[in-house]
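Please report on the fold shown here, working from a single loop residue out to the whole chain. Keep it short and plain.

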Amino acid sequence: ILANVMLIRHNRSGLSVSLVLGGTYLAVGCFAAWHSQVTDALIYGGFGLVVCLLAGLAWRSLTP
């Protein structure tokens, strides 16, 4: 929620919050895949990928 509010207000620190959140979820997804928990890996990895992609799109729209 914090990252969304920061991105809506065009605050550049919202991008770093989003990327840290997405990276963390990707890491948890990789950890779950390493331990053969396919469902958890898909959920966390998919959410992390979506967050990182949306943060990239937001970064592209915020650059002058």
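Ser36 sits in the loop between helix 2 and helix 3. Helices here are DSSP runs of H or I with at least four residues, strands are runs of E with at least two, and both are numbered from the N terminus. This is a predicted model: local features need pLDDT of at least 70, side-chain atom pairs count only at pLDDT 80 or more, and totals for chains, interfaces and linings use all residues. Residues are numbered from 1 along each chain as its sequence is written, and side-chain values use heavy atoms, with hydrogens and water left out.

Ser36 is not a glycine, yet its phi is positive, at about 60°. Most residues other than glycine have a negative phi. Ser36 is also exposed, with a relative accessible area of 63%. Exposed means over 50% relative accessible area, buried means under 20%, and partly exposed lies in between (1.4 Å probe, protein chains only).

**The helix pair**

Two packed helices are described by the angle between their axes and the distance between the axes. Helix 2 covers residues 13–34 and helix 3 covers residues 38–62. Their axes come within 7 Å and cross at roughly 155°. That makes helix 2 roughly antiparallel to helix 3. Axes are lines fitted to C-alpha atoms, for helices over the stretch in contact, and angles run from 0 to 180 degrees between N-to-C directions. Angles over 145 degrees count as roughly antiparallel, under 35 as roughly parallel, 65 to 115 as roughly perpendicular and the rest as oblique.

The crossing of helix 2 past helix 3 is left-handed, a term for a near helix turned anticlockwise from the far one by less than a right angle. By class, the contact of helix 2 with helix 3 has 18 nonpolar, six polar and one charged residues. Ala, Val, Leu, Ile, Met, Phe, Trp, Tyr, Cys and Pro count as nonpolar, Asp, Glu, Lys and Arg as charged, and the others, Gly among them, as polar.

**Residues on the two helices**

| Residue | Place | Relative accessible area |
|---|---|---|
| Ser18 | helix 2 | 6%, buried |
| Leu53 | helix 3 | 54%, exposed |
| Gly46 | helix 3 | 29%, partly exposed |

What does Ser18 touch, not counting residues up to four places away in sequence? Ser18 touches Ala3, Leu7, Val51 and Ala55. Contact means heavy atoms within 4.5 Å. Leu53 and Ser18 are 35 residues apart in sequence, and their C-alpha atoms are 9.7 Å apart. Gly46 and Leu62 are 16 residues apart in sequence and 24 Å apart in space, C-alpha to C-alpha.

**The whole chain**

The chain has three helices and zero strands. Its pattern along the sequence is α-α-α. The C-alpha trace spans about 45 × 20 × 15 Å along its principal axes. Of the 64 residues, 25% count as buried. Among contacts with a separation of 6 or more, 45% join residues 24 or more positions apart. The chain exposes about 4,700 Å², and carbon and sulfur atoms supply 71% of it. Accessible areas come from the Shrake-Rupley method with a 1.4 Å probe.
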